[in-house]
Amino acid sequence: GDNASSVSKYRALAAGIGFAIAVFGGALGQSRIGASACEGAARNPGAAGRIQTMMILGLALIESLVLFALLVVFAVVKPS
């Protein structure tokens with residue numbers, strides 16, 4: 001009926017808003033990691049290699065969380 005259509009619409013809207021929040025948080029985290037890595041390498045150029053390795057690991061973990069949020073969106077908003 002009409003109620004199922006409304007629930008489906010609101011489910012899609014909620015999933016979209018939730019994913020937007022996840023992407024925003026991921027972007028903030030990645031920008032903070034990038035800024036901190038640049039600052040750390042500027043303060044201690046000898047440790048730049050280790051800092052870059054840790055930065056890439058952190059970026060990969062954050063990106064995997066955002067991709068997991070996208071998977072959740074696809075699982076919640078499946079065509080009916």
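On the surface of this predicted model, Phe68, Leu71, Val72, Val76 and Val77 form a nonpolar patch whose members together have about 430 Å² of accessible area. One of these residues, Val72, has its place in helix 2, which covers residues 48-76, and Val72 counts as partly exposed because its relative accessibility is 38%, a value between the limits of 20% for buried and 50% for exposed.

Helix 2 has 29 residues, which at 1.5 Å a residue should span 42 Å, and the separation of its end C-alpha atoms, 42 Å, agrees with that expectation. Within helix 2, the residues Ile51, Gly58, Ile62, Val66, Ala69 and Val73 are buried, and what covers these buried residues includes helix 1, residues 2-43. Ala60 also lies in helix 2, and the C-alpha atom of Ala60 is separated by 11 Å from that of Gly26, although the two residues are 34 residues apart along the chain.

Helix 1 holds a charged pair: Arg43 and Glu39 both lie in this helix, four residues apart, or about one turn. Side chains of opposite charge can pair when their charged atoms come close. Arg43 forms a salt bridge with Glu39, in which the closest N and O atoms are 3.2 Å apart, and the count of salt bridges, with a cut-off of 4 Å, comes to one.

The accessibility of the individual residues discussed here is set out below.

| Residue | Relative accessibility | Class |
|---|---|---|
| Val72 | 38% | partly exposed |
| Ala60 | 44% | partly exposed |
| Glu39 | 44% | partly exposed |
| Arg43 | 68% | exposed |

Notes:
Residues are numbered from 1 along each chain as its sequence is written. This is a predicted model: local features need pLDDT of at least 70, side-chain atom pairs count only at pLDDT 80 or more; totals for chains, interfaces and linings use all residues. Side-chain values use heavy atoms; hydrogens and water are left out. Patches are made of residues with over 30% relative accessible area and no salt bridge: like charges are joined within 9 Å, nonpolar side chains (Val, Leu, Ile, Met, Phe, Trp, Tyr) within 5 Å. Accessible areas come from the Shrake-Rupley method with a 1.4 Å probe; for residues, only the protein chains shown count as cover. A salt bridge is a side-chain nitrogen of Lys or Arg within 4 Å of a carboxyl oxygen of Asp or Glu. Helices (H or I, at least four residues) and strands (E, at least two) are DSSP runs, numbered from the N terminus. Buried means under 20% relative accessible area, exposed over 50%, partly exposed in between (1.4 Å probe, protein chains only). The expected span of a helix is 1.5 Å times one less than its number of residues. Contact means heavy atoms within 4.5 Å.
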